[in-house]
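Could you walk me through this model in my viewer? I would like to know what to select next, and what I will find there.

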Amino acid sequence: MNNYNHEKITSVQNDRVKLWASLLDKKFRDRTGKFVIEGVHLLLEAIKASAPIETIVYDGERGIPQELQNEAADSSGFEWVETSSQVMAKCTGTDTPPPIFAVVGKLEWDKESLFRDNSLVVVLDGVRDPGNVGTIIRSADAVGADAVVLGKGCVDLYNPKTVRSTMGSLFHLPLIEADLMELLPAAKERGIKLVGTSLQATHTCYSYDWTAASWLLLGNESNGVSAAVSEQTDEAVIIPMRGQAESLNVAMAGTVLLYEAMRQREFN
């Protein structure tokens, strides 16, 4: 490990450390176009996806994780910085700092990926919980959806909790932040069905035909989709429940609907 030509920064007062720590704040992420990923798994997924990794920072006391030894030995690869446990704690958003984190440029996706033939897209309207957004992104990735769209009022995609909860899926499919009042009418013009959920729906999620181009609209945890988005909806479905639970949370409901869409598309 001593053979690696890595920079060493141990002071929490260092200017670069202050910059990395500032990325815990949304306004600095927006200003710089960068965000932080934490831990071995997320970093490996970022490397695999050729994400725009700027700097990899690791705890010198714990050493470089075994899974990343080859990348660390490649002098033509990424910039590596050895640091202290105090710096790790300052720059990450977890109670127990990870052994490694990286500064990554925000991802750029072409909106045309939303309009592929027979597209299956998840549209989030005001979903605020990072865990819910991360779970929905993972489920969309798992079923092979074309994209996830985050409308206004959603939690920041690059919030550290959101990033962690995606478990690397944010590197696997287009994730697009957009104004839904512009995007949804454009989708309707292209013949895409906008599908929401409603307790008054006449279709169950199992009787609706998901094989056509469909965008699934999922709304705020407490209030559902906004009135403006609801007005754009072409179809509403209901998830039938046999037991006494009043409802499913938005991430679970989204997962059920996405898997039914995949079943109809892939296993009929």
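Select Ile-176 to begin: in this predicted model, Ile-176 is buried, because its relative accessibility of 5% falls under the 20% cut-off. Widen the selection to residues 175-177 and you have strand 8, where Ile-176 sits.

Now display what surrounds that side chain. Which residues does Ile-176 contact, leaving aside neighbours within four places in sequence? Pick out Trp-109, Asp-110, Lys-111, Ser-113 and Leu-114, then add Val-148, Val-149 and Leu-150. For a distance to draw on screen, join the C-alpha atoms of Ile-176 and Ser-113: they are 9.8 Å apart, with the two positions 63 residues apart along the chain.

Next, on to the cysteines. Select Cys-154 and then Cys-205. Are they buried or exposed? Cys-154 is buried, with a relative accessible area of 11%, and Cys-205 is buried as well, at 0% relative accessibility. If you were hoping to show a disulfide, there is none to draw: the structure holds 0 of them.

For the last stop, turn to the surface and select Met-241, Leu-248 and Met-252. Together these residues make up a nonpolar patch with about 250 Å² of accessible area. Keep Met-252 highlighted and extend the selection to residues 250-266, which is helix 10, the element that holds Met-252. Met-252 counts as partly exposed because its relative accessible area is 48%, which lies between the 20% and 50% cut-offs.

Note on methods: Residues numbered from 1 in each chain as written. Predicted model: local features only at pLDDT ≥ 70, side-chain atom pairs only at ≥ 80, totals over all residues. Heavy atoms only, no water. Patch = residues over 30% accessible without salt bridge, like charges linked within 9 Å, V, L, I, M, F, W, Y side chains within 5 Å. Areas by Shrake-Rupley, 256 points an atom, 1.4 Å probe, with all protein chains shown as cover. Salt bridge = Lys/Arg side-chain N within 4 Å of Asp/Glu carboxyl O. Helix = DSSP H or I, 4+ residues; strand = E, 2+ residues; numbered from the N terminus. Buried < 20%, exposed > 50% of the residue type's maximum accessible area, 1.4 Å probe, protein only. Disulfide = S-S within 2.5 Å. Contact = heavy atoms within 4.5 Å.
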